[in-house]
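Got the viewer open? Here is a tour in a few stops, with something to select at each one.

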Amino acid sequence: MVPTNIKNFDTLVVGGGIAGLQAALDLGDQGYKVAIVEKDASIGGKMIRLSKVFPTLDCASCITTPKMSAASHHENITLFTYCDLTSLNHEGQGIKALITQKPRYVDPIKCIGCRQCEYICPVHVSDAEQGDFSARKAISIPFSTAIPQLPILDVEHCMLCGQCEKTCPTHAIDYFQKPEEFIIQAKTAVITTGFDLLPVKNNFQYGNGHIPNVIDSMQMERILAPHGPYNRVLRPSDGMEPDSIAYVQCAGSRDKSMGVPYCSRVCCMYAIKQAMLLSGSLPLADIIIYYMDIRAFGKGYEQFYQNAKAMGIEFVKAKVARIDKGENGSAIVRYENQDGSGIATADHDLVVLSMGMIPGWDPRSICPVSKDSDQFITSIKPKISPVLTNMAGLFVAGVAAGPKDIVDTITESGSAAMEAAKFMSNSHMEN
Amino acid sequence: MKNPDNDKEKEAKKAAMKTLRAQRKDLIASASSRMKTQKKDIKAIKEFLKGKKATIPDIAEGIDMPKDETLWYIATMKKYGQIVEAEKEGAFFNYSLNEPEKTQEKEEV
Amino acid sequence: MSENNKKVGVYICYCGGNISDHVDVEEVRNRVEKMPGVTVARTNMFMCSDPGQEMIIEDLKSDKIDRVVVASCAPSLHEATFRGAIERAGSNPFIYDHANIREQVSWVHHGETATDKATLLIAAASAKSKLLKPLEPIRVEAKKHTTVIGGGIAGIKTALDIAQKGIEVALIEKLPILGGRLNSLDRLAPFGEKASDILKELLDPVLNHNAITIHTDSKIETIKGYVGNFSLIVTKKENNKDIKLNIETGAIVMATGSVSYTPLNGEFGFGQHEQVITLQDLITLLKENKSSGSSLEVNGKRIKNMVMIHCVGSRQIPGIHQPKENGQLNEYCSRTCCAALLNAANQIREKFPETGIYEMYRDIRTYGRGQEELYEQASKNKVVFMRYEADAPPVVSESNHSEYPLKVKITDSLTFNEVMDVPADLVVLATGIEPDNVSDIASMMKLPIGTDQFLLEVHPKLRPVEFSITGIFLGGTCQAPMDTGETCNAAGAAAVKASALLSKGYIELDPFVAEVNTDKCQGHGACIEACLKEGALTLTEVKIDGKIVKKAQVTAAMCLGCGACAAVCPKKAIDINGWALKQYEDMVDAIVSDGFAV
């Protein structure tokens, strides 16, 4: 069935993380009508889930929430959250996207975001938003700063007890909501689909995620975040305050056998940042970073790295070969010293794997835009305009075009917005 | 005042819910059993903490639950305002039940 | 209008712990609630989030409050955010005041001092807020014209982007030709495009674009005015004559680029041995080299062994590295040299297999797309890597050996800190990037320069291509080291901001400017003498009751809102909107009364 509901915009932005928000704001500010389509229940992407950001140590929310808020209230920007992109193709002069609004089982117009449904719901579900370190309810708002402030009813874990429906003061619960398909037609599109962390579960060297207190860097972000699961730094196996914390750099990056051959570009800096935050909250803890090369190349980054060294964070040039389960919740890190002195082992209370970045979206069978061997979208002009793809009128920004940090992402998004705006004024002149 | 249309609507809704429940039978069954276990676990934690404070290893031992699971519950109950953190003891923190007047099904802050 | 019947709402932010870790936010709220005129006092984990803003909107809409004070981070970050929220509630955005309890409190004080100071700052802000008047922003016409300073790749790209949006551009370059540093490069890392091809692809449309006026060989003499209406005087050399140009423009983009670091005399033997050259020298050499044998030849001499030293003039550490004459140390990483050096090494190894290469590095930073492959390729090409620590750099000296002129002593941390003497026919220093010296232009516009000497943006994430002075932007290597692709992205980002700014044809400015009470003004003229901004204040003659009298008059768009006029007026006839003398008095009263902090 072809949906008859067609919405027209100047630009379709695919992905509502920091890259998409910035591109949308830069286009909206020029008067273009923009649609942001986001797969998650909230905009904000990975950035809103972080603790603080390097090298300024601003809280991530302090920078993200205003941009989220600005986009959601912008007269030229419309948000479509909790939506799947089914297809994205050229049509005529522009672009046509088929989109499915997934059911929240909550009426977005009636709901006032009071969270009464969440408080009354009796089913607890492990909360991926909190690194699975605590639980949410089967109906819940994804996180406190989410936009929109609408709960999602998780059908997988709902027992249809009806308590949320009874409690809701505005009768917003709708157990019968169905997916709705619609079409967005636009003159241009910007792909800002970001990244996922390489999953630990495929890395047998690091225990496939089964060794207690070996966590990934995104889980550490949650532990350090203001709304985190523990509101302090504890290790997940038993609630102990860790005394010795290790970072394993290039976990799954720069290593074909373990995952990805390329450098993920942000891991050195986020590990240093996390180490600094940890040494702030646990001043007596030993913090060790096992690394191959420290890549602190951005503005102010090298100074940040030198500060971390001065704070007493230990940097050991070594490649971690494997991690094993130790006694009493510790993890044993086995590493090869890069000075040629051979294999050594060390016991740590908590080990953080600086996992690399992989693309957050695969265009295969959805969109004919081409990917590179690294699986990120191909930039056809990496020098004069890295945001250009092989599809006319379709641009890419942020990690969708290869790993990069927030600063570079925001700049690239501005650049993509500029290219999209130029494309539209040029085609306007031709018409 | 009785509205026959309203009644009819209610009947229809009831029937639709019944169909939906039938469709989701398996999911509902597993969610219900999970909920029951959770209820039991939370009750055990609350009972253990009645009138005292304890660390994660203490609670875990006291109610015979794995320590990581205990922490998961405590973190969740803290989030929903049923438990508060108390002072530190060695490398662990103590937890106690939230005072009754403050107990609200509400996320802190 | 009385200040006594105002209903002040105070909103205090936890800032996710940034504030609440040091300030007892709930205690502050309890105290603030009792302050005179405060009808509502609330807290939130992130006041700038949507739920936080929604609290303010609700209170305004339900008429609980008519003045808003937010106590959070510096107003430079989120003043606009909260004004926007107030506007959405249907209120005038200028009934808002801000207490900075993060940068000025929680980041510098701890414990009770912090809680007390936060209370005082909020007391002052709410006292001030009661005298805030609803104001209208000042609307000024904006010229649909941008001036781009710097004709390197950043300036060229910015100019082209803006022009293609239908805005006129003046592109100003001090040298006789456009292209900047790309003119001296050859094959670009990591993909090997020819720099000249890249330049041509952008330059052709720039040279042919009707909306772009190019001024090469031009020097900026003065910059005056304000957003939407800047005016520049430029001296342009034409046929050996200096001609003066006057450019009227709406926005300015700084794209003044960078230069290559020049090693100090004796730094790694530079200036002492002719066989020690910079990476830039090597690139020029490769560009012009016609060697056809299996070894690279330089000045007719076969290069059997070449040593490349990374991080020269970059990543310098106080106490270890020698500063330049002006005391400057380049503590930053120059970002581009690792890939550029590996690129050159690969070219040499692949073309001249008999020329051996040793790379001496601290960390290999091949972070970008396609760069890790360069590093891998270099290993395959049998480039030998040796690693040194910052405090034990390689030492270049004469070899006293007939086969090769130099030797480089290194303590190699990849092999048990073994000390080795590496023979060298040529030593290449990977010299980093330094910003071009634009202190004269920067001081004309009062642009901030960072401790690293690069131009300093407002905020690296919130406003990465803007200066705090509205209407002036920056892009490219004047801001930080970047490669060509990154520079073009930065240029695009600066262009999009300039386009958005000028797209409406007018610009709205904050109305915090001087206002004359014409009843009180005696035409004394002291204010005009005190005024810091030429043209912002004038004495005009008006007819009152048949008599011609002089009155001070403000040109709002020019006024800086500095208050120099208010300070000197003997009749207190001139004051600053939003920052009136009475407001200062009330703030001081609120602080010294000290009744709240105990």
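How many residues does the contact take from chain A and from chain C? Select both sides and you should get 81 residues from chain A and 77 residues from chain C. Before going further, keep in mind that this is a predicted model.

**Stop 1: chain A against chain C**

Switch on a surface for these two chains. Together they bury about 6100 Å², and carbon and sulfur atoms carry 54% of it. Now pick out A:Lys299, A:Lys383 and A:Ile384: this trio supplies 14% of the area that chain A buries against chain C, more than any other three residues.

Next, look at the charged pairs. There are 15 salt bridges between chain A and chain C. For one to zoom in on, try A:Arg265 and C:Glu486, where the closest N and O atoms sit 3.4 Å apart. Widen the search to polar contacts and the interface of chain A and chain C gives 40 residue pairs, both partners at pLDDT 80 or more.

Which elements of chain A should you colour here? Those giving two or more residues to the side that touches chain C are helices H1 (18-28), H3 (60-73), H8 (301-310) and H9 (406-430), plus strands E3 (52-53) and E4 (58-59). H9(A) gives the most, with 15 residues. Colour this side of chain A by residue class and you'll find 32 nonpolar, 27 polar and 22 charged.

**Stop 2: chain B against chain A**

Hide chain C for a moment. The contact here takes 35 residues from chain B and 38 residues from chain A. The area buried between the two is about 3300 Å², with 56% of it from carbon and sulfur atoms. Select B:Arg24, B:Trp72 and B:Tyr80, which supply 17% of what chain B buries against chain A, more than any other three residues.

How many salt bridges cross the interface of chain B and chain A? The rule finds four. Zoom in on A:Glu165 and B:Lys13, whose side chains meet in a salt bridge at 2.4 Å, N to O. The polar contacts between chain B and chain A come to 13 residue pairs, both at pLDDT 80 or more.

On the chain B side, the elements that give two or more residues are helices H1 (4-23), H2 (25-48), H3 (56-63) and H4 (67-79), along with strands E1 (83-89) and E2 (92-97). By class, the residues of chain B that touch chain A split into 18 nonpolar, three polar and 14 charged.

**Stop 3: chain C as a whole**

Bring chain C back and view it alone. Its C-alpha atoms fill a box of roughly 95 × 60 × 40 Å along the principal axes. In cartoon mode, look for 15 helices and 30 strands. Of the 598 residues in chain C, 57% are buried. Among contacts in chain C with a separation of 6 or more, 68% join residues 24 or more positions apart.

**Stop 4: helix H6 of chain C**

Last selection: residues 153-164 of chain C. Helix H6 there has twelve residues and reaches 16 Å from its first C-alpha to its last, close to the 16 Å expected at 1.5 Å a residue. Is H6(C) largely enclosed or exposed? Eleven of its twelve residues are buried, so H6(C) is largely enclosed by the rest of the structure. The buried ones include C:Lys157 and C:Asp161, as well as C:Ile153, C:Leu160 and C:Ile162. Step past the end of the helix to C:Gly166, which follows H6(C) and has a positive phi, near 85°.

Conventions: Residues numbered from 1 in each chain as written. Chains lettered and ligands numbered in written order. Predicted model: local features only at pLDDT ≥ 70, side-chain atom pairs only at ≥ 80, totals over all residues. Heavy atoms only, no water. Contact = heavy atoms within 4.5 Å. Buried area = accessible area lost by both parts, 1.4 Å probe. Polar contact = N/O pair within 3.5 Å; in protein donor to acceptor, adjacent residues only side chain to side chain. Helix = DSSP H or I, 4+ residues; strand = E, 2+ residues; numbered from the N terminus. Nonpolar A, V, L, I, M, F, W, Y, C, P; charged D, E, K, R; others polar. Expected span 1.5 Å × (residues − 1). Buried < 20%, exposed > 50% of the residue type's maximum accessible area, 1.4 Å probe, protein only.
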